[in-house]
Amino acid sequence: MKDFKNFINGEYVTNVSGKTYENRNPVDNSLIGMVYEAGKPEVDAAVAAAKAALHGPWGKLSVVERCAMLDAIVAEINNRFDDFLQAEIADTGKPAHLASHIDIPRGAANFKIFTDTIKNVSTESFEMRTPDGKTARSYGVRTPRGVIAVISPWNLPLLLMTWKVGPALACGNTVVVKPSEVTPATATLLGEVMNKVGVPPGVYNVINGYGVDSAGALLTAHPDVSGITFTGETKTGTAIMKAGADGIRPVSLELGGKNAAVVFADCDFENAVNTVTRSVFENCGQVCLGTERVYVERPIFDKFVAALKEKAEGMKPGRPFDHDTKIGPLVSKVHQKKVLSYYERAKAEGATIVTGGGVPNMPDDLKDGCWVEPTIWTGLPETASVVREEIFGPCCHIQPFDTEEEAVRMANDTKYGLATSIYTQDISRASRVAGQIEVGLCWVNSWFLRDLRTPFGGSKQSGIGREGGLHSLEFYTELRNVMIKY
Ligand code: NDP
């Protein structure tokens with residue numbers, strides 16, 4: 001049994017209240033350990049430590065010295081790759097091949113990309129004539145914003161947390177992280193890495209707990225927090241934006257989606273099927289960028305549905321380290337219940353269930369895990385709840401279309417605007433459609449392909465702000481103007 005403590009001012013600490021909650025493995029519902037819930041005393045201590053650290057040795061480092069420290073963090077995560085892998089897999093149940101290719105390496109790389117960015121960014125400088133005939137020069141200075149609250153979700157726990165902690169620290173801020181209550185392990189483990197490489201106490205803090213009425217809400221309401229960066233559901237983002245309004249604190253929000261794939265008849269069929277298989281089912285559908293609505297041009301509709309059905313039925317569920325495991329469980333019983341409730345709703349709304357729609361038959365020792373079947377529906381109107389609401393499970397609805405205009409209209413008919421992928425070999429059509437789709441991220445003949453220097457974020461109700469490369473600096477630094485009269 002493991003203890004997941006809070007990490008405050010360089011030390012692992014329990015709590016004043018004595019309250020703990022269980023952390024369970026979604027593969028078989030076994031108990032991993034107990035988590036110490038942070039209350040007001042712990043949240044206050046973490047924010048105070050982060051505030052003090054801004055003016056300690058951390059605040060005196062040059063950019064190059066700070067970046068060297070972050071490079072050491074990357075090296076130490078890679079040194080302890082297996083510890084991070086085991087921790088992430090125990091919390092999420094995801095297949096080892098996925099976590100070892102995406103979660104942990106990208107979790108480490110998120111520090112590296114921002115050290116490269118911050119070392120090379122310049123600010124503007126202008127000379128001007130003053131009204132009294134003298135000369136003045138003004139220039140920009142980037143300063144850290146201060147204490148950043150990082151609130152992260154459970155689907156890619158390390159990766160999505162360091163996507164915020166990396167740039168925040170590269171820019172000289174300090175952070176207080178609140179990981180999801182169901183995936184506390186890798187954020188907690190990162191504290192050991194910080195201590196090992198000599199990151200000063202208070203620079204990186206972790207508080208565990210729930211969101212509403214718990215650590216998350218206490219943290220976002222704290223007056224000494226200077227900025228809040230959040231990835232999670234749109235309704236939580238709304239609550240966080242309201243919390244940020246008190247004290248006029250900026251927020252960066254990466255929120256939900258109901259992403260479309262638009263497959264034209266002239267696509268490379270094999271590539272389209274393989275890529276949509278990934279975008280629907282990878283990480284058991286728990287990817288913000290994942291596809292839940294597929295629009296296929298009518299001449300290839302039946303062939304596409306049959307091909308995706310075959311792929312879905314080939315996704316063998318199983319233990320994370322088994323070589324033939326293709327799909328893991330959902331992250332928790334709560335989430336399993338939510339996804340299964342959508343499976344029931346699809347039936348009630350009259351969907352044709354092409355495949356799946358329930359819980360797979362698992363061996364006895366895994367029966368208590370959070371499994372659901374990869375599921376495909378057809379035949380629903382665009383008004384059906386499973387076509388409109390984010391489910392965050394391994395499922396999609398496939399709809400035929402006849403014209404490009406119709407496909408664009410259906411893809412855009414959502415309150416969300418995170419991601420879309422378009423499959424066609426006609427480059428003119430690809431760029432024409434990409435220009436009309438109302439999303440932050442649009443892929444052509446691909447999915448999840450990222451260059452970390454480019455902007456990442458959602459439009460409409462999928463978020464505010466962009467992270468990645470230079471765009472992260474907009475949020476994690478305050479740009480100050482200095483004007484010197486000669
Ligand atoms: P949630 O919004 O439920 O939770 C995210 C985090 O916010 C958790 O740590 C949660 O704590 C905390 N939280 C909840 N309520 C509050 C509050 N009032 N104040 C402060 N913190 C709070 O999201 P999930 O963890 O369920 O993640 C899945 C969602 O994330 C999906 O909607 C998905 O689309 C979105 N997402 C978006 C991405 C993007 O880049 N746009 C990327 C990945 C996911 P607790 O766990 O205790 O509830």
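**Exercise 1.** In this predicted model, find how far an oxygen atom of the ligand is from a polar backbone atom of Glu233, and then examine the side chains of Glu181 and Glu390 in the same way.

*Solution.* Begin with the backbone: a polar backbone atom of Glu233 is 2.8 Å from an oxygen atom of the ligand. Turn next to the side chains, where a polar atom of Glu181 lies 2.6 Å from a ligand oxygen, while an N or O atom in the side chain of Glu390 is 2.5 Å from an oxygen atom of the ligand. Since the cut-off for a polar contact is 3.5 Å between N or O atoms, each of these pairs can be checked against that limit. Finally, consider the cover: on its own the ligand has 910 Å² of accessible area, of which the protein covers 91%.

**Exercise 2.** Determine in which pocket the ligand sits, and which elements give two or more residues to the shell around the ligand.

*Solution.* The ligand occupies the largest pocket. The elements that contribute two or more residues to its shell are α8 (215–221), β11 (227–231) and α9 (234–245).

**Exercise 3.** Explain why the ligand lies between domain 1 and domain 2.

*Solution.* Residues of the shell come both from domain 1 (2–255 + 462–485) and from domain 2 (259–451), and therefore the ligand lies between them. By character, the shell residues divide into 15 nonpolar, 10 polar and five charged.

Conventions:
Residues numbered from 1 in each chain as written. Predicted model: local features only at pLDDT ≥ 70, side-chain atom pairs only at ≥ 80, totals over all residues. Heavy atoms only, no water. Polar contact = N/O pair within 3.5 Å; in protein donor to acceptor, adjacent residues only side chain to side chain. Areas by Shrake-Rupley, 256 points an atom, 1.4 Å probe, with all protein chains shown as cover. 1 Å grid on protein atoms, 1.4 Å probe; cavity = no way out; pocket = protein on both sides within 12 Å on 5 of 7 lines; lining within 4 Å. Sits in = over half its atoms within 2 Å of the grid points. Helix = DSSP H or I, 4+ residues; strand = E, 2+ residues; numbered from the N terminus. Nonpolar A, V, L, I, M, F, W, Y, C, P; charged D, E, K, R; others polar. Domains from an automatic or database assignment.
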